Amino acid sequence: MGRIIGDCLIFLAVAFTAYLSVVMVRRISTVVLKKSYTKIFVCELIACAFLILFALDVRFGFLTRMLPNAIKAVGGCLRAAVVLVTAVLLFFIGKITAGSLIRTEVPTHHVIVLGLALKKGKPADDLMARLDMAEAYWRKNPDAALILTGGNADASGKTEAAVMRDILLKRGVPRDRMILEDQAETTKENFLNTAKLISPSSPVVLVSSDYHMDRAVRTAKNAGFSSVLRLPAPSSGLEFGANVMWEVVLELNELLLGR
């Protein structure tokens, strides 16, 4: 039974690593932020390496079969470290996945729409899904203002926020119903800059991709927003696993390095 479980874990860990690599290599080849995406990809591969090590140890127990006893003790410590890291990774995977399912939509005066890195100057599918969600909310609450956030200009100089504005203008959203925050390069900067445009004490609806909601809500609250309502946009099902691992890396980065 142990061998069967071990073989299944090895297959899943290796298959997930291969899947993640395909998604990330394709993404890096098209986005503006190639260096940032590459750094995160390396961290994701390190996380996957721990998952593979855990699976191999479940199957073969090689970390605690080392001889002599001194080396065996080192192996035991290594096993404990691998198990601990794997448990942490699984905890965050579950936490982020659960956060993606929470929706708390109510009428408010302000909607914060988070941007996403452009792909060769064009919005990614997940960014379009965020715009679809924001537009649908605005049509039900036409007095609400949409705060479009995101800098990171492409080669032509257009920012994420500007691209979102142009798309929504074509869909009939009035210009005076949109506020641009086009200086931020990170989610943290999105909210810090937005807090200068509106009162962070007022309730806001946050629109972002489902996998991003857990970290986005926490970042908003850290920036001073006291009442953050969730409106997650559905993301690509084929890339959901890769996006969750992306969020795991960024959450651990915040936890360990405070940024």
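Start with the whole chain: of the 259 residues of the protein, 45% count as buried. The model on screen is predicted.

**Whole chain**

Show the C-alpha trace and turn it along its principal axes, where the span is about 75 × 35 × 30 Å. Switch to a cartoon view to find eight helices and five strands. Followed along the sequence, these elements come in the pattern α-α-α-β-α-β-α-β-α-β-α-β-α. Contacts can be looked at by their separation in sequence: taking those between residues at least 6 apart, 74% join residues at least 24 apart.

**Phe91 and Phe92**

Next, select Phe91 and Phe92 and show their side chains. The count of aromatic pairs in this model comes to four. In the pair formed by Phe91 and Phe92, the ring centres are 5.3 Å apart and the planes stand at 80°; planes over 60 degrees apart count as edge-to-face, so that is the class of this pair. Which of these residues is buried and which is exposed? Phe91 has a relative accessible area of 52%, and over 50% counts as exposed, so Phe91 is exposed. Phe92 has a relative accessible area of 9%, which is under the 20% limit, so Phe92 is buried.

**Asn152**

Move on to the loop between strand 2 (145–149) and helix 5 (160–170), and select Asn152 there. What is the sign of phi at Asn152? Its phi is positive, about 50°, although Asn152 is not a glycine. Most residues other than glycine have a negative phi. Asn152 has a relative accessibility of 14%, and because buried means under 20%, Asn152 counts as buried.

**Helix 6 and helix 7**

Last, select residues 187–194 for helix 6 and residues 213–222 for helix 7. These helices pack with their axes 9 Å apart, at an angle of about 40°. An angle of about 40° is neither under 35 degrees nor in the range 65 to 115, so helix 6 and helix 7 are oblique to each other. Their crossing is right-handed.

To see what makes the contact, show the side chains on both helices. Helix 6 contributes Thr187, Lys188 and Phe191. From helix 7 come Arg215, Ala216, Thr219 and Ala220. How many residues of each class are in the contact of helix 6 with helix 7? Colouring by class gives three nonpolar, two polar and two charged residues.

Key: Residues are numbered from 1 along each chain as its sequence is written. This is a predicted model: local features need pLDDT of at least 70, side-chain atom pairs count only at pLDDT 80 or more; totals for chains, interfaces and linings use all residues. Side-chain values use heavy atoms; hydrogens and water are left out. Axes are lines fitted to C-alpha atoms, for helices over the stretch in contact, and angles run from 0 to 180 degrees between N-to-C directions. Helices (H or I, at least four residues) and strands (E, at least two) are DSSP runs, numbered from the N terminus. Angles under 35 degrees count as roughly parallel, over 145 as roughly antiparallel, 65 to 115 as roughly perpendicular and the rest as oblique. A crossing is left-handed if the near helix is turned anticlockwise from the far one by less than a right angle, and right-handed if clockwise. Contact means heavy atoms within 4.5 Å. Ala, Val, Leu, Ile, Met, Phe, Trp, Tyr, Cys and Pro count as nonpolar, Asp, Glu, Lys and Arg as charged, and the others, Gly among them, as polar. Rings of Phe, Tyr and Trp (its six-membered ring) pair if their centres lie within 6.5 Å; planes under 30 degrees apart count as stacked, over 60 as edge-to-face and the rest as tilted. Buried means under 20% relative accessible area, exposed over 50%, partly exposed in between (1.4 Å probe, protein chains only).
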